[in-house]
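This report concerns internal space, a buried residue and charged side-chain pairs. The sequence and structure are shown first.

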Amino acid sequence: MPERNGLLPETEQQLIKGCLAGKRISQSRLYACYAPKMLGVCLRYAKNREEAEEILQEGFLRVFNYIHQFKGTGSLEGWIRKIMVNCALLRYRNKTGLTPVVRIDDSSEYTAQDPDTYSSIGTKELLQLVQELPAGYSMIFNLYVFEGMKHREIAEALGISEGTSKSNLFDARLLLQKALTTRKKIANYK
């Protein structure tokens, strides 16, 4: 029988039943199984590890409070992931303005894509660069690139226009490309 996240499907069903019954051992096991992967999701939306851990904790509180709404039609991991992303969205929706923060005046300098620039960067370094983006840019970049949302969906989720979503994504990509190019130049001088 195929495993998902180290759990056999019937074990996953048992954990869900245990969580529905409020059993702490089931909640603990479910958390232990999914928390590491979900922390990675939260890190993309947070400015640092502490914020990511807060989002993770808020997310799992929601998972346990709303597990009765999981219908079992999709994967449990996908359902949990959606909750984590929604927690990140809720956290930043009212806290941060999601309009262009930085205007990139000379964007033509960074529009050429150099494949070597991307191949020389590690996952942790890329995550750090995404975290350093202004909050609106980071949020839209993550939703579009990692969650596969369309601009219409992003606009609806964040309460912004589709144009703002597109503009912020474009600017986020330019800022990332500029940062990558700068890091590459620095590395070449060393």
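The following paragraphs describe a predicted model.

**Cavity.** A search of the whole structure finds one cavity of 30 Å³ or more. The volume of the largest cavity is about 50 Å³. Its lining consists of Tyr45, Ala46, Lys47, Tyr92, Gln131, Ala135, Ser138 and Met139, which divide into five nonpolar, two polar and one charged residue. Helix α7 (residues 135-145) gives the most to this lining, with three residues.

**A buried position in α7.** Ile140 also lies in helix α7. With a relative accessible area of 0%, Ile140 is buried, because the limit for that class is under 20%. Beyond its neighbours within four places in sequence, Ile140 is in contact with Ile154, Leu158, Ile160, Thr164, Ser165, Asn168 and Leu169. Ile140 and Leu169 are 29 residues apart in sequence, yet their C-alpha atoms are 6.1 Å apart in space.

**Salt bridges.** The count comes to six salt bridges. Three of them are tabulated with the distance between the closest N and O atoms.

| Pair | Closest N and O atoms |
|---|---|
| Glu147 and Arg44 | 2.9 Å |
| Glu53 and Arg49 | 3.2 Å |
| Arg91 and Glu58 | 2.8 Å |

Arg91 in helix α4 (residues 76-93) and Glu58 in helix α3 are 33 residues apart, and the pair links distant parts of the chain. Salt bridges that share partners join Arg44, Arg81 and Glu147 into one network. Glu53 and Arg49 both lie in helix α3 (residues 49-66), four residues apart, about one turn of the helix.

Regarding accessibility, Glu147 is partly exposed at 23%, whereas Arg44 is buried at 12%.

Key: Residues are numbered from 1 along each chain as its sequence is written. This is a predicted model: local features need pLDDT of at least 70, side-chain atom pairs count only at pLDDT 80 or more; totals for chains, interfaces and linings use all residues. Side-chain values use heavy atoms; hydrogens and water are left out. On a 1 Å grid over the protein atoms alone, a cavity is a set of points where a 1.4 Å probe fits but cannot get out, and a pocket is an open set with protein on both sides within 12 Å along at least five of seven lines; lining residues have an atom within 4 Å of a point. Grid points are joined across faces, edges and corners, and a volume is the space filled by probe spheres set on the points. Helices (H or I, at least four residues) and strands (E, at least two) are DSSP runs, numbered from the N terminus. Ala, Val, Leu, Ile, Met, Phe, Trp, Tyr, Cys and Pro count as nonpolar, Asp, Glu, Lys and Arg as charged, and the others, Gly among them, as polar. Buried means under 20% relative accessible area, exposed over 50%, partly exposed in between (1.4 Å probe, protein chains only). Contact means heavy atoms within 4.5 Å. A salt bridge is a side-chain nitrogen of Lys or Arg within 4 Å of a carboxyl oxygen of Asp or Glu.
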